[in-house]
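Biologist: Before any label is accepted, I should like each one set against its definition. Please show the model, and we shall proceed from there.

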Amino acid sequence: MTLRSNRSTLTQFLIEERRRFPSASGDFNALILDVALACKGIARAVAYGELAGVMGNHAAADGGSVNVQGETQKTLDVLSNDVFMQRTEWAGNLAGMASEEMDLPYQIPAQYPRGNYLIVFDPLDGSSNIDVNVSVGSIFSILRAPKDVMESGRDVVEADFLQPGAQQVAAGYALYGPTTMLVLTVGDGVNGFTLDPNLGEFMLTHPKLSIPEDTHEFAINASNARFWEAPVKRYVDECLAGKTGTRGKDFNMRWIASMVAEAHRILMRGGVFMYPRDTKDTSKPGRLRLLYEANPVGMIMEQAGGRASTGEIPMLTVQPTGLHQRIGFVFGSKNEVERIERYHREPVNVELANPLFAERSLFRD
Ligand code: AFP
């Protein structure tokens, strides 16, 4: 390995990006670099795993702890959340934070100056996979703080974070897999960086990523099939029918149960991911969270030429109503997501549409 590398570091990339905004203060870049440092710290903890005693459930000895989602927190969930806060709260770039692991918005401690941005994050997505050594990740979304927050420096409230995804100024994720990667959009396409473990630097290895418009790969948790709505059943049925059906081509299926890892696969080679609204628990219109899962991944998909949707409407147009709001999420190769949206607009007549599969359909009611 030569030490001379013609690859840009993340810092270099951000400074070159900033040249597009001569009046920019640099706070934004500094915030992204603090987030990247947090992800490096989390990558290290994830890589050490049992050696660092960070596996298993948080506070297991005291009966464990449950987050606002009602999920048992992993030790690494809580540690990752702490690392995100510690690395980003001090520099004066943030007015406040919100996280999957915290019920309420986090106020910047009084000893630190407050800034113009808000960050919303899922510190460790896919954490139910951590004990079985499957790829996990951190997902983040950066918004501008409302004007009155910036001017008054007041404490942030939930309403300050309820901004449609289209208002994000940046979004990204870190993937802790065979390599540690950071995938980032600042609204000018999507770029991927690989952590050089020797230099401890994120190096630009995947510039200007773009998602193929078509695919033959879909991802959905089929164990929920009996709760799916007809348009989703129709779409999956047709994929499973493959060459013998109306799609005239075979499809493959994947399910990792770490949405960040699915998003990365789709960014690399196309595909469509569905965690649709279903009838499993009608109090929850979906499993994934709008502010720190669907919106950031949605911005990345759209910036890479893919599409992100609720199944019916573009994800980034949704007006949030709650910090931990759940939503049906469909994203990936543009033509497939548009097809799923079309099926939601068309009258439900699965039986007639696919008589061949009426008898043998895997997903009959
Ligand atoms: P955890 O972070 O609790 O493991 O949840 C992961 C996730 O939010 C998302 O990453 C997966 O796509 C989805 O849940 C997996 O859900 P199922 O367990 O229902 O397959």
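The exchange below takes up confidence, helix packing, burial and backbone angles in turn.

Biologist: What makes the model acceptable as a basis for local features?

Modeller: This is a predicted model, in which local features need pLDDT of at least 70, side-chain atom pairs count only at pLDDT 80 or more, and totals for chains, interfaces and linings use all residues. Residues are numbered from 1 along each chain as its sequence is written, and side-chain values use heavy atoms, with hydrogens and water left out. The term pLDDT denotes the predictor's confidence in each residue, from 0 to 100. The chain averages 93, and 94% of the residues score at least 70.

Biologist: Where does pLDDT stay under 50?

Modeller: That stretch is residues 354-365, for which the model has 21 contacts beyond four places in sequence. Contact here means heavy atoms within 4.5 Å.

Biologist: Why are α1 and α2 called roughly antiparallel?

Modeller: Helices (H or I, at least four residues) and strands (E, at least two) are DSSP runs, numbered from the N terminus. Axes are lines fitted to C-alpha atoms, for helices over the stretch in contact, and angles run from 0 to 180 degrees between N-to-C directions. Helix α1 (residues 10-18) and helix α2 (residues 27-48) pack at about 160°, with axes 10 Å apart. Angles under 35 degrees count as roughly parallel, over 145 as roughly antiparallel, 65 to 115 as roughly perpendicular and the rest as oblique. The α1 and α2 pair is therefore roughly antiparallel.

Biologist: Which residues make the contact of α1 and α2, and how do they divide by class?

Modeller: From α1 come Leu10, Thr11, Leu14, Ile15 and Arg18, and from α2 come Asn29, Ile32, Leu33 and Ala36. By class, this contact has 6 nonpolar, 2 polar and 1 charged residues. In this division Ala, Val, Leu, Ile, Met, Phe, Trp, Tyr, Cys and Pro count as nonpolar, Asp, Glu, Lys and Arg as charged, and the others, Gly among them, as polar.

Biologist: How do you know that α7 and α8 are roughly parallel?

Modeller: The axes of α7 and helix α8 (residues 290-303) come within 11 Å and cross at roughly 10°. The two helices are therefore roughly parallel to each other. Their contact is made by Met259, Ala263, Ile266 and Leu267 of α7 and by Glu293, Val297, Ile300 and Met301 of α8. Its residues divide into 7 nonpolar, no polar and 1 charged.

Biologist: What makes α8 mostly covered?

Modeller: Buried means under 20% relative accessible area, exposed over 50%, and partly exposed in between (1.4 Å probe, protein chains only). By that criterion, 12 of the 14 residues of α8 are buried, among them Tyr292, Glu293 and Asn295.

Biologist: Why is Asp122 called buried?

Modeller: Asp122 has a relative accessible area of 0%, and is therefore buried. This residue lies in strand β3 (residues 117-125). Beyond its neighbours within four places in sequence, Asp122 is in contact with Glu100, Gly137, Ser138, Ile139, Tyr292 and Glu293.

Biologist: Why does Ser8 count as buried?

Modeller: Ser8 has a relative accessibility of 15%, so it counts as buried. Ser8 is placed in the segment before α1. Outside its neighbours within four places in sequence, its contacts are Phe13, Glu16, Phe202, Met203 and Leu204.

Biologist: How do you know that Ala171 and Val337 count as buried?

Modeller: Ala171 stands at 0% relative accessibility and therefore counts as buried; Val337, also at 0%, counts as buried. Ala171 lies in strand β5 (residues 170-176), and its contacts beyond four places in sequence include Pro296, Met299 and Ile300. Val337 belongs to helix α9 (residues 334-345), and its contacts beyond four places include Val272, Arg307 and Ser309.

Biologist: What makes the phi of Lys208 and that of Ala257 worth a remark?

Modeller: Most residues other than glycine have a negative phi. Phi of Lys208 is near 45°, a positive value in a residue other than glycine; Lys208 lies in the loop between β8 (201-206) and β9 (217-219). Ala257, likewise not a glycine, has a positive phi of about 70°, in the loop between β10 (252-254) and α7 (259-269).

Biologist: Why is Ala257 called partly exposed?

Modeller: Ala257 has a relative accessible area of 38%, and is therefore partly exposed.
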